Amino acid sequence: VASFDLLKALNAISDVVQNRPPAIRVFDQIYMKFGDMLLQTEHASRVLDKKKTIFIGDGDAVGLCLMHLKKDIFQRGPASILVLDFDERIVNSVNSFAHKHRLEKSIGAELYNVADPLPKKYWEKFEAFYTNPPFGANNEGRSVWAFMRRGIEATKEKSVGCVVMADYPGVSWSKQNIHKIQTMALKHGFAMSEMLPEFHHYHLDDVPELTSCSITFEKVNHKKQSYGSKPLDGETLKNFYGRSNPLIFKYVRDLRNDNKYESQDYRLERL
Ligand SMILES: C[S@@+](CC[C@H](N)C(=O)[O-])C[C@H]1O[C@@H](n2cnc3c(N)ncnc32)[C@H](O)[C@@H]1O
C-alpha cells in the first residue's frame with residue numbers, strides 16, 4: 001500500500017459517500033464500508049492506472065473515489081471512467097458530483113441494463129473494466145458473469161479487469177462462484193494476476209460478516225471480433241438478485257431529479 005495523507009483521503013471518500021443515493025437492497029445495492037472503500041480505491045488506482053476504464057454498475061461509487069482522490073492524494077488512477085448503471089439516481093449522482101468537482105472530462109455515467117446487449121459504440125473500446133456485481137448466491141455466479149461479460153465485451157487487447165465478488169468461508173457458494181468465474185475468465189483469454197481475499201465488508205443486515213475479494217484479470221489472448229453482444233438468457237435472469245428475485249426491471253428512475261425536486265421520503269406538517 002502506498003503512503004498517503006490519511007485524513008485527506010478519508011475526507012475525500014466522505015465527500016463521495018455523502019453524495020450517494022440510499023441503497024436499494026432488493027437490487028443487491030449493498031454499500032461497502034468506508035475504510036474498505038479507501039483501501040479498494042487505493043488498490044484499484046494501481047490496477048487501473050492510466051487506463052480508459054468502464055465500470056459495469058457502481059453503487060459504491062468507487063469510480064468517483066478514484067477520480068476524486070487521483071490528483072491530490074494518490075497521484076495515479078484511470079485515465080477516464082465511464083459508469084454504466086441501470087439506476088438513474090446513481091447515474092445522476094455521478095454526473096452531478098463530476099460537475100461540482102470539475103471532473104466532467106474524466107468521469108461520466110449513463111443508463112444501461114446488463115440484460116441488454118452492450119451498446120455497439122462501446123464494443124472493444126476500453127482498456128480496463130471494473131465491476132462489483134450482485135454476488136449470485138442462488139444462481140451459481142451467473143449474475144457475476146453477466147456483469148463481467150459486459151466488461152469483457154467492452155475491452156480490447158491487453159486490457160485488465162477488476163472484479164469484486166463474495167469471498168467468505170461461512171457461505172460455501174462464494175468459493176464455488178470464485179472457482180466458476182476464474183474458469184470462465186480462463187476460457188475467455190484472461191489470466192488471474194492478483195487476488196485480495198476476504199478484503200471488504202458491507203452494510204448488510206442479514207449477513208453483516210460477509211466479505212468480498214478483489215480479483216484482477218489480465219487479457220492475454222485476444223481475438224478481435226466484430227460486434228456480437230447478446231441479451232442475457234432466461235436462466236441468468238431467473239434468480240439474478242437472489243432466490244425468486246429475478247431481473248425484471250429495466251431502470252430505476254430518479255424521482256428527485258438529482259435532488260432538484262422535493263424528497264418523496266417525508267411530508268411537512270404546519271405548526
Ligand atoms: C448490484 S450492486 C452490488 C453491490 C455493490 N456494493 C453496490 O451496492 O454497488 C452494483 C451496482 O449494480 C447496479 N445494477 C444492479 N442491477 C443492474 C442491472 N440489471 N443492470 C445494470 N446495473 C445494475 C446497481 O444499481 C449497483 O449500482
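Modeller: On a 1 Å grid over the protein atoms alone, a pocket is an open set of points with protein on both sides within 12 Å along at least five of seven lines. The second largest pocket here has a volume of about 440 Å³, where volume means the space filled by probe spheres set on the points, joined across faces, edges and corners. This is a predicted model, with local features taken at pLDDT of at least 70, side-chain atom pairs at 80 or more, and totals for linings from all residues. Residues are numbered from 1 along each chain, and side-chain values use heavy atoms, without hydrogens or water.

Colleague: Which residues line the second largest pocket nearest its centre?

Modeller: Pro 21, Pro 22, Arg 89, Arg 256 and Asn 259, out of 18 lining residues. Lining means having an atom within 4 Å of a point. Helix α4, residues 88–100, gives the most, with 4 residues. It is a helix because it is a DSSP run of H or I with at least four residues.

Colleague: What makes up that lining by class?

Modeller: The split is 4 nonpolar, 6 polar and 8 charged. Asp, Glu, Lys and Arg count as charged, so Arg 89 and Arg 256 belong there.

Colleague: How many cavities are there of 30 Å³ or more?

Modeller: A search of the whole structure finds 1. Its volume is about 50 Å³. In a cavity a 1.4 Å probe fits but cannot get out. Val 16, Asn 19, Arg 20 and Pro 21 are among its lining residues. Helix α4 gives the most here too, with 3 residues.

Colleague: Where does the ligand sit?

Modeller: In the largest pocket, so more than half of the ligand's atoms lie within 2 Å of the pocket's grid points. That pocket has a volume of about 700 Å³. Its lining has 39 residues, with Phe 27, Asp 28, Gln 29, Pro 133 and Pro 134 nearest the centre. By class, the lining holds 25 nonpolar, 8 polar and 6 charged residues.

Colleague: What surrounds the ligand?

Modeller: 23 residues do, and the closest are Gln 29, Ile 30, Gly 59, Asp 85 and Tyr 241. Each has a heavy atom within 4 Å of the ligand. The shell has 13 nonpolar, 5 polar and 5 charged residues.

Colleague: Why is the pair with Asn 132 called a polar contact?

Modeller: A ligand nitrogen is 3.4 Å from an N or O atom in the Asn 132 side chain. The limit for a pair of N or O atoms is 3.5 Å, so the pair qualifies. For Asp 60, the distance to a ligand nitrogen is 2.8 Å. For a polar side-chain atom of Tyr 241, it is 2.6 Å. Taken alone the ligand exposes 550 Å², and the protein buries 99% of that, by the Shrake-Rupley method with a 1.4 Å probe.

How values were computed:
Helix = DSSP H or I, 4+ residues; strand = E, 2+ residues; numbered from the N terminus. Polar contact = N/O pair within 3.5 Å; in protein donor to acceptor, adjacent residues only side chain to side chain.
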